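Biologist: I have the sequence and the model open. Please take one strand and walk me through its surroundings.

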Amino acid sequence: MSQADQEWDNKLAAIGAQKGFYEALGDGHKALFVRGGSTLVVTFDNLDDARQDDANRLPWGSDFAVSCGWSSLGIMAHGWTWYRNDAVYDFFDRLRDEDFFAQFDKVVFYGVSMGGYGATAFSSAVPGCTVIAMSPQATLDRDLVGDWEPRFRQGWKQDFTSRYGYGPDEVATAKQAYLFWDPLVTEDAAHASLYNSDNVIDIRCRRFGHGLASALVRMGILKKTVMGIVNDDISQREIYTIMRARRSTPAYQKSLLRRLENSSHPVLTQRFCKQVLEMSKPAKRPHFVNAMLKAEQKMIEAPQ
């Protein structure tokens, strides 16, 4: 173990000793529990976190959970592992068998992409829990997804057939599972289609892309959405109402503009660009100015 890794372990161990517990698991996985309120949020690192060599970082989502007054159990990965490791399986088995989860009024599993897979796969350790999974994979078993999932090549070597392996089967024991995914991302839509148990609530996030959690952060609505689900005071319809705020975000506007530019509808492109520019200063949106001018030129050149 490098000096930086040892310092990282020491930091996490100190936090765990003071506020809960810390365990170093196999293959670079780590678990940090911070005690808070009677709701426990179990979070899983996503790929961006797993790739970081930041000795100061905490488990993904743990700061957010603690800021909301919840207890936090953060599961960390140090690589593209998809949490496929016997030590991780044993850890959840032990917490379940020791009734660790039973001390909380509510348990929520939460993650994004690889972390979203982890949230669904390990949720079966706590039947009746709530799951929030954003752009999750169902599995990377090549026998099941080899024809349509070309991403995440580094995860192909993992075994997805053992304990806590197939996300859709494991999540079936949850009370509710909220799946956020973009139907225009073919692979994400295919994974989502495998989650077909009655407890699944699909939240289709059109034109948000695979990194939809980051888009929700930029829109300023991720925290409100997650808090609503955790606190049981938000409906599927209300989530969609909140998400309509995407129409005023640059990422969504650019995504829609690209779609319009690739179509043969210059009139719609011109109208959309005009609407965007009416809401912001043209000098700050030169791409929309240029797109509008090009659309207007096409309108002039179009046969009458």
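Modeller: Start with a pair: Val108 has Thr130, in strand β6, as its bridge partner. This is a predicted model, so read every value as computed from it. Strand β6 covers residues 130-134. Its neighbour on the Val108 side is strand β5, residues 106-112. Five bridges join β5 to β6, and the two run parallel. Further along, Val112 stands opposite Met134 of β6. How does the chain get from β5 to β6? It passes through helix α5, residues 114-121. That β-α-β crossover is right-handed.

Now turn to the strand β7 pairing. Strand β7 spans residues 176-181. Again five bridges make the link, and β6 and β7 run parallel. Thr130 stands opposite Gln176 in β7. Thr130 therefore has a partner in each of two strands: Val108 and Gln176 of β7.

Next, the side chains of β6. Thr130, Ile132 and Met134 point one way. Val131 and Ala133 point the other way. Is β6 buried or exposed? Five of its five residues are buried, so the rest of the structure largely encloses this strand. Buried here means under 20% relative accessible area. In the chain as a whole, buried residues make up 53% of the 304 residues.

Step back to the sheet. It is open and has eight strands, with mixed pairing. The order is β1-β2-β4-β3-β5-β6-β7-β8. That order places β6 between β5 and β7. The edges are β1 (20-24) and β8 (200-204), each pairing on one side only. From one strand to the next, the twist averages 10°. Helix α11, residues 236-243, lies across β7 and β8. Its angle to β8 is about 20°.

Now the packing. Nonpolar side chains tend to be buried together in soluble globular proteins. The largest nonpolar core here has 46 residues. Val42, Leu73, Phe92, Phe101, Phe109 and Phe122 have the most contacts inside it. Helix α4, residues 86-97, gives the largest share of this core, five residues. Take Val42 as an example. It touches Leu73, Ile75, Phe92 and Phe101, among others. Val42 also touches Val107, Val108, Phe109 and Tyr110. Residues up to four places away in sequence are not counted there. Val108 is thus a link in this account: it touches Val42 and has Thr130 of β6 as its bridge partner.

Apart from that core lies another, of 30 residues. Ile132 is one of its members, as are Ala213, Ile221 and Ile239. Ile132 is also one of the buried residues of β6.

A last look at helix α10, residues 222-230. Its buried residues are Leu222, Thr225, Val226, Gly228, Ile229 and Val230. Residues three or four places apart on an α-helix point the same way, because there are 3.6 residues a turn. Just after α10, Asp232 takes a positive phi of about 60°.

For scale, the chain has 14 helices and eight strands. Its C-alpha atoms fill a box of roughly 75 × 45 × 40 Å along the principal axes.

Methods: Residues are numbered from 1 along each chain as its sequence is written. This is a predicted model: local features need pLDDT of at least 70, side-chain atom pairs count only at pLDDT 80 or more; totals for chains, interfaces and linings use all residues. Side-chain values use heavy atoms; hydrogens and water are left out. Buried means under 20% relative accessible area, exposed over 50%, partly exposed in between (1.4 Å probe, protein chains only). Helices (H or I, at least four residues) and strands (E, at least two) are DSSP runs, numbered from the N terminus. A nonpolar core is a set of buried Ala, Val, Leu, Ile, Met, Phe, Trp, Tyr and Cys residues joined through side-chain atoms within 4.5 Å. Contact means heavy atoms within 4.5 Å. Two strands pair if DSSP finds at least two bridges between them. A crossover is right-handed if, with the strands pointing away from the viewer, the path from the first strand over the helix to the second runs clockwise. Axes are lines fitted to C-alpha atoms, for helices over the stretch in contact, and angles run from 0 to 180 degrees between N-to-C directions.
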